[in-house]
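Dear colleague,

Please find below the structure that I am handing over to you. My account of what was found in it follows directly after.

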Amino acid sequence: MTPEVKEKIDNLVQQNKIMVFMKGSKLMPMCGFSNNVVQIINTLAVPYETYDILEDPEVRQGIKEYSDWPTIPQVYINGEFVGGSDILIELYQKGELQQIVEVAMAS
């Protein structure tokens, strides 16, 4: 990953309370896993940003190195990597995601 790509990812993660690197956008997810993440976050009714990795091959590869996580989507809350679709579903079902988001929004 180039220093420019790392800086771009750093900025996106730091400037947004909830940042999702995904295929497509929150208005038009381009895969089922990305759609799962969008649906879950939408139910929480909180602001979040998405980044379409399909439009940026350098970030698509770089984000996997950045998080040391091989799959997309990737969710960051308050600058911390939370996980992908399966982890978000699990956290949501346990009620833990709501708590993580509440803390992030309050900070």
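Is F81 buried, partly exposed or exposed? With a relative accessible area of 26%, F81 is partly exposed. Please bear in mind throughout that this is a predicted model.

Aromatic residues

The structure contains five aromatic pairs. In one of them, the ring centres of Y76 and F81 are 5.3 Å apart and the planes stand at 50 degrees, so this pair is classed as tilted. Y76 has a relative accessible area of 2% and is therefore buried, whereas its partner F81 is partly exposed. Taken together, ring pairs join F21, Y51, Y66, W69, Y76 and F81 into a cluster.

A further aromatic residue, Y48, has a charge over its ring: the charged end of K26 sits there, 4.4 Å from the ring centre. K26 also has a contact through its backbone, since its nitrogen lies 3.5 Å from a polar atom of the T50 side chain. T50 belongs to strand β2, and its relative accessible area of 19% makes it buried, because the limit for that class is under 20%.

Salt bridges

The count of salt bridges comes to three.

- D10 and K6 form a salt bridge whose closest N and O atoms are 3.0 Å apart. Both residues lie in helix α1 (residues 3-15), four residues apart, or about one turn of the helix. D10 is partly exposed at 22% relative accessibility, and K6 is partly exposed at 39%.
- D56 and K8 form a salt bridge with a closest N and O distance of 2.8 Å. This pair connects distant parts of the chain, as D56 is in the loop between β2 and α3 while K8 is in helix α1, 48 residues apart. D56 counts as buried at 12% relative accessibility; K8, at 36%, counts as partly exposed.
- E90 and K94 form a salt bridge in which the closest N and O atoms are 3.3 Å apart. These two residues are four residues apart in helix α4 (residues 85-94), so about one helical turn separates them. E90 is partly exposed at 44% relative accessibility, whereas K94 is exposed at 52%.

Backbone geometry in the loops

Two residues other than glycine deserve mention for a positive phi, A45 and N78. For A45, phi is near 55 degrees; the residue is placed in the loop between α2 and β2 (49-52) and counts as exposed, at 67% relative accessibility. For N78, phi is likewise near 55 degrees. N78 is found in the loop between β3 and β4 (80-83) and counts as partly exposed, at 35% relative accessibility.

The peptide bond that runs from I72 to P73 is cis, its omega being near 10 degrees. P73 is placed in the loop between α3 (57-67) and β3 (74-77).

Surface

Finally, L27, M28, M30 and L54 make a nonpolar surface patch of about 480 Å². Within this patch, M28 is located in the loop between β1 (18-22) and α2 (32-44). M28 has a relative accessible area of 54% and is therefore exposed, the cut-off for that class being over 50%.

With kind regards

How values were computed: Residues numbered from 1 in each chain as written. Predicted model: local features only at pLDDT ≥ 70, side-chain atom pairs only at ≥ 80, totals over all residues. Heavy atoms only, no water. Patch = residues over 30% accessible without salt bridge, like charges linked within 9 Å, V, L, I, M, F, W, Y side chains within 5 Å. Areas by Shrake-Rupley, 256 points an atom, 1.4 Å probe, with all protein chains shown as cover. Salt bridge = Lys/Arg side-chain N within 4 Å of Asp/Glu carboxyl O. Buried < 20%, exposed > 50% of the residue type's maximum accessible area, 1.4 Å probe, protein only. Phe/Tyr/Trp six-rings, centres within 6.5 Å; stacked < 30°, edge-to-face > 60°. Lys NZ or Arg CZ within 6 Å of the ring centre and 35° of its normal. Polar contact = N/O pair within 3.5 Å; in protein donor to acceptor, adjacent residues only side chain to side chain.
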